Every structure is written in structure tokens, then in C-alpha cells.
Amino acid sequence: MNDNNTYDVAIIGGGASGTAFLYVLAKYTNIKNIVLIEKYEELGIVNSNPVNNSQTLHVGDIETNYPLEKARQVMPAAMMVKRYTDSLSEEEKKPIISSIQKMVLAIGKDEVEELEKRFLEIGELYPTLKKIGRKEIEELEPEIIKGRDSKELVLALYNPEGYAVNFGNLAKSLGEKAKQIKEKRIDILLGQKVEKIEKGDSGYTLHSSRGNVYADVVVVDTDAYSLGFAKSLGYGKEFSLIPIAGSFYFTPQKLQGKVYRVQDKRMPFAAVHGDPDLTKSNVTRWGPTARFYPVLEARKIGTMKDFFSSAGIFRIKTWISFGAILLDPLRFWYLLKNLFYDLPFVGTYFFLGEVKKIIPTLRWSDITRAKNYGGMRLQRVDTNTRSLLLGEGKILGDNILFNMSPSPGASVSLYNAMRDADQIIKFNPKVTFAKEDMLRDLCVTHTPLGESDPSLSDTYAS
Ligand SMILES: Cc1cc2nc3c(=O)[nH]c(=O)nc-3n(C[C@H](O)[C@H](O)[C@H](O)COP(=O)(O)OP(=O)(O)OC[C@H]3O[C@@H](n4cnc5c(N)ncnc54)[C@H](O)[C@@H]3O)c2cc1C
């Protein structure tokens, strides 16, 4: 196909997921005409934007809520991003990825025992991961120990080899590299919102703000918006979305690297953690919090109507499911507590208690709200089973795929793109995919890639 607006494959969404898929199709398949359509004038400025996420390459070493099997899978899957950046020049690589030390901190007897067990379980997967006690923690992160009761038990797993990633710049780089691939027509249409997807006899018509685009196969990589598109074509009717906003706070720089906490496995959200920020120097960024807020995009109140149409809020089953999920005592208390963190003026006072668990000497005056930072986590709900589904969501249709990619979606974006390329072969057997080449280029060799999906899990790590 080579009419001006007709393509073999159309990808909707220019975040880490859509651009990773564009790159994989352009570089490793024989598909010649591919288009990526993004509603904004820039790639990677919604959830992949570094101000909206925690910028962590999640490999499973400090994410104590990942079961061993998930850690085993997520490590090589996430390291594909690192391997991709290794293929770039120093100048290209610098705005995307930085090496950073990281640790997961256990406080008190129960957490210490849990972390001891965890190290026995996962230690062999991460050759540079070390178990460290109070003295070494003090050397590496002095503020964690300063002012802490000397009787309080602490332990950490420390890895000097961690990575902070600007996933927005990753998206821009993947898009740029895809376009450079010769003898193919790779178009990136920016500032073009897809309003509607229509299925015809010989493919799909994408009605957009700047005219129609036609494609045999469509992959919808619009994260939270993907469910609305799926429903408009009759798929995924049983799903709804619980919208959880994650805010962040700044303090003066207190940490040298990333410090996560041992996670309460019963909780669906990550515990508050501290990270150096790639967008702002000399500060530590704390968060994310978790607050029910009915929009699809952070700081875009107009997306409330998109939430209402995607979430199916006019169905009684949706409200019964919301009730069953949100009134669970543990979640209810957690969300209520988080509500206090976001209150104007006094929110920082309540939040201080969380952060003091990591930095005991912190004062109220040290904390400021990170204005214009924070993203939306749209947690899927199965209204048939009234359950919360926290991993990635993929809905498979007739020559169409819909991806919803919560954490660690950005970390495993290249891996997910590889799986989607496998699916494209099933859609069209004439397509060839040089998967072995991709694995040779991007897969860390010492760990086999798992067959199941590392994003699919009932845990959330960011
Ligand atoms: C608070 C928080 C912390 C997180 N921390 C981490 C972390 O540390 N590490 C990690 O790996 N992950 C983290 N995540 C998850 C991560 O941000 C996502 O997994 C990832 O960014 C998803 O990428 P995406 O490309 O699927 O979505 P997005 O980056 O949101 O891209 C979707 C794109 O689709 C476009 N789009 C939407 N509708 C249309 C339309 N109609 N027409 C055209 N284009 C459209 C949007 O404009 C957008 O550019 C975090 C998320 C949150 C909220």
C-alpha cells in the first residue's frame, strides 16, 4: 500500500509504548509503511513524561512486591531499554538514561526479616545486589541514619547499578531512530488526534482531527485511553477504570540515589519512595501519593468526560465493583490517608510522617508540593469479577490491539513491543519478524527471557 494516507500498520499514541513498537516494526520486520499518530505536538509528554512518573527502570531488585517469577522476567525485559541506549552515541544517550545507586530499605523487625528472606530468594538474579546493615547504609545514605533511634533495626538491599530513565526522551529517540530506517515509509504525525476508529471490509479508517488515515492493522498504545477505543469497537465492555492520581513532593536533596521501602504486599500501590529528579537538580522527589481523581490525564480537567465514557460509569455493575474494591478496609484507609496528603497547606504536614520514616530529621518546612508533577494511574476493574487488575491490559481484536500500560509499562516498553510484533505475524502471515536479531541486539544474555508477560501481575511498583 502506498497511497498518501494508507498504511500497513497504524499506531495510535506516541509515548514509550507506541514509539517502542514503531521502532521494533521499522527495524526488525519487513513491514514497509507504518504510521504513528500522536495528538500532541511532541512525543512522550503524557505518562512517559518524566514529570509524571518516577523515572525508575524497574528491574525487580528493589521492588519487593514482585514475586520471584516476575523479577526473573522483568529484569531482562527492562534491561532492553538499557541495551537500546547502549547502542546510541554518548550525546544521544545522556538525555535518556543515567546510572544511579538504589536501595530498598527495611525498618523494624518484621521488614528486616522479610528483606533477609527476599535477598536469599532473588540475590543470585542480581550479581551487584548487596545486603547492607546500618553502618554501610550510613556511608551511602547518611541522612537515613542521622537522628534515627539507635535501637531501631534497619537493613537494606543496595545496588550500585541502577538506572533513572527519562521515558519521554526515550520515546523521542525511538521515534527518531525509526524514521532513520531506510527504504521504508515511516511517518510520525504529530498534533493529530484520532477521534474515532472505524472497521471496514478491508481494514480500518482512523478519523482524526487532520483527516482520515487508513490501515490494515491498528495498534492502540494510548494507555488509559485505549479502553475507550476498545469499547467503541465492541471489545472490553466488562472493564472499567479506577482513576488514581499520583502527586509528588520536593525536599532539598537528602538522598544520593533512589530509596524504596519494603512494600506491604496487600497494598495495590507503591509505598512512598525518594528519588533524585532528572528534571530538577539538588532536590529529592518524594511520592507518588494515591488519590481518586476522575480524569484520564493529569492536569487536564477536560479529560473527565473521557474518563466517564471509558469507565462505563452509567452501568450499575461498575458501581457495585467500585464499592467492592474501594470499601475494602485496607484500601479505604490507605486512600483516605492519601487524601490528607493532597489537602492545600496542611497536606505537606501529613505527608511529612511518611517521609520521616526514611529521613528522620526532616522538618515540615523542608517539604513543598511538586507543582505540575504527577501522573494518572488508571487501574483496570473487571466488573464481572468485581476485581482490581493492576498489571498491563491487552485487548486483542480483529487485526487490532489495545494496550493499557501502567507501571512498569515504560520500563518494559521494548519487550512489550516485541510481543506485539509476534502478534502482528499472526494477523498477517506474510510479515516476517527478525526476533532473533532483536534479542541479540537488546537482550541481556545471562538471563533467559520469560515467555509470560512481566507487566501482567497484581503488583504496582512505581
Ligand atoms: C505516578 C506514576 C509513576 C510511574 N513511575 C514509573 C516508573 O518509575 N517506571 C516505569 O517504568 N513506569 C512508571 N510509571 C508508568 C509509566 O509512566 C507508563 O507505564 C508509561 O509511561 C506508559 O507509556 P505509554 O506510551 O503506554 O503511555 P503514554 O506515555 O501516556 O502515551 C500515550 C500517548 O497516546 C496519546 N494519545 C492519547 N489519545 C490519543 C488520541 N486520541 N489520538 C492520538 N494520540 C493519543 C497521548 O497523547 C500520549 O502521548 C509510572 C506512572 C505513574 C502515573
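**Entry 1: two helices**

I started with a pair of helices and noted that α1 and α7 are roughly parallel to each other, because their angle falls under 35 degrees. I should say at once that this is a predicted model. I looked up the numbers too: α1 (residues 16-28) and α7 (residues 167-179) pack at about 25°, and their axes are 8 Å apart. The crossing of α1 past α7 is left-handed.

Which residues of α1 meet α7? I found A16, T19, A20, L22, Y23 and A26 on the α1 side. Their counterparts in α7 are F167, L170, A171, L174, G175, K177 and A178. Sorting the residues of this contact gave me ten nonpolar, two polar and one charged.

**Entry 2: an open sheet**

Next I traced an open sheet of four strands, and I wrote down its order as β15-β10-β17-β18, with antiparallel pairing. Why is one side of β15 and of β18 left without a neighbour in the sheet? I saw that β15 (291-292) and β18 (387-389) stand at the edges and each have a single partner strand, so one side stays free of a neighbour there.

I then checked the pairing of β15 with β10 (residues 239-246), which is antiparallel and uses two bridges. In β15, R291 is the bridge partner of A245. I also found helix α10 (residues 316-326) packed on the sheet, where α10 touches β10, β17 (375-382) and β18. The direction of α10 makes about 45° with that of β10.

**Entry 3: a covered strand**

Is strand β20 mostly covered or mostly open? I looked at residues 400-404 and found five of the five buried. A reminder to myself: in a regular strand, side chains alternate between the two faces of the sheet. In β20 I listed I400, F402 and M404 on one side and L401 and N403 on the other, and both faces are covered.

I looked up the partners of β20 as well. Strand β9 (residues 211-220) pairs with β20 in the parallel sense over three bridges, and V218 has I400 as its bridge partner. Strand β19 (residues 393-396) runs antiparallel to β20, with four bridges joining them; here I395 is matched with F402. In the hairpin of β19 and β20 there are three residues between the strands, and I noted that N399 takes a positive phi near 55°.

**Entry 4: a loop residue**

Last, I visited R266, in the loop between β12 (258-261) and β13 (273-277). Why does R266 count as exposed? I counted 10 C-beta neighbours inside 10 Å, and a residue with 12 or fewer is exposed.

Terms used. Residues are numbered from 1 along each chain as its sequence is written. This is a predicted model: local features need pLDDT of at least 70, side-chain atom pairs count only at pLDDT 80 or more; totals for chains, interfaces and linings use all residues. A residue is buried if 20 or more other C-beta atoms lie within 10 Å of its own, exposed if 12 or fewer, and partly exposed in between; C-beta atoms are placed from the backbone. Two strands pair if DSSP finds at least two bridges between them. Axes are lines fitted to C-alpha atoms, for helices over the stretch in contact, and angles run from 0 to 180 degrees between N-to-C directions. Angles under 35 degrees count as roughly parallel, over 145 as roughly antiparallel, 65 to 115 as roughly perpendicular and the rest as oblique. A crossing is left-handed if the near helix is turned anticlockwise from the far one by less than a right angle, and right-handed if clockwise. Two residues are in contact if their C-beta atoms, placed from the backbone, lie within 7 Å. Ala, Val, Leu, Ile, Met, Phe, Trp, Tyr, Cys and Pro count as nonpolar, Asp, Glu, Lys and Arg as charged, and the others, Gly among them, as polar.
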